[in-house]
Amino acid sequence: MRLAVEPAILLRLVTIKKKHVKAITVFCGSSPGFDPIFMETAHQLGQYLASRSIKVIYGGAKVGLMGAVADGALSQGGQVIGVLPQFLQTKEVAHTNLTELILVESMHQRKLKMHELSDGVIALPGGYGTLEEYFEMLTWSQLGLHQKPIGLLNVNHFYDSLLTLADTMVTNGLLKPVNRDMMLVDHSIESLISQMDNYVAPQVPKWLTPNKA
């Protein structure tokens, strides 16, 4: 006897089908930071992604952690695509040895293009720009605009305070636990990629029903 599967359940089964990431956007600082482990880990991340044949999408610069990620991937024969606003071409010093460098008009176009080219996101240590990029991708996911995994590589406990803040948001009723769980976090590159490969996006939208007057 064949069992009938309700359309909603069938849709759920299709939605949660896992897909290994083939291209990852990396957000990180254009400065090296004071702790050498930041540059070392950025370079190792690039190497690891290349070893897994995962394409690197990043901000296009050759300096700081950004350059280290690109150089790490290129050293292993990986594909690296940089996306750089034209006005930052001299400030961030464009990398000249990439697989491809895409120049765009604005910061928003940069994020949109990087999003279009990748299957997921990893944030390394960085400053305002890195956090802004990371949280915009999280917000888009929270709103159901994409279902891509968003990873946080917590190098040397760099993001511990940020994670505590996220927990405080949940405690105070300003962030749902299911949305807090979208923050995939690990100290290990390999473990973080494994989490991303097995990620299933929340099926509960931020707003279930329209507000009633």
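Here are two short exercises on helix packing, each with a worked solution.

The model is predicted, so local features need pLDDT of at least 70 and side-chain atom pairs count only at pLDDT 80 or more, while totals for chains, interfaces and linings use all residues. Residues are numbered from 1 along each chain as its sequence is written, and side-chain values use heavy atoms, leaving out hydrogens and water.

**Exercise 1.** Work out how helix 2 and helix 8 cross, and which residues make their contact.

*Solution.*
- Step 1: Find helix 2 at residues 36-51 and helix 8 at residues 189-197; their axes come within 10 Å and cross at roughly 50°.
- Step 2: That angle makes helix 2 oblique to helix 8 (under 35 degrees is roughly parallel, over 145 roughly antiparallel, 65 to 115 roughly perpendicular, the rest oblique).
- Step 3: Look for the contact (heavy atoms within 4.5 Å): helix 2 brings T41, Q44, L45, Y48 and L49, and helix 8 brings I189, E190 and I193.
- Step 4: Sort these residues by class, and you get five nonpolar, two polar and one charged.
- Step 5: Follow I193 further: leaving aside neighbours within four places in sequence, I193 also touches residues including I24, R52, I54 and I122.

**Exercise 2.** Now do the same for helix 4 and helix 5.

*Solution.*
- Step 1: Helix 4 spans residues 107-117 and helix 5 spans residues 128-142, with axes that come within 11 Å and cross at roughly 55°.
- Step 2: Helix 4 and helix 5 are therefore oblique to each other.
- Step 3: H108, R110, K111, L112 and H115 of helix 4 meet E132, E133, E136, M137 and W140 of helix 5.
- Step 4: By class, this contact holds three nonpolar, two polar and five charged residues.

Definitions and conventions
Axes are lines fitted to C-alpha atoms, for helices over the stretch in contact, and angles run from 0 to 180 degrees between N-to-C directions. Helices (H or I, at least four residues) and strands (E, at least two) are DSSP runs, numbered from the N terminus. Ala, Val, Leu, Ile, Met, Phe, Trp, Tyr, Cys and Pro count as nonpolar, Asp, Glu, Lys and Arg as charged, and the others, Gly among them, as polar.
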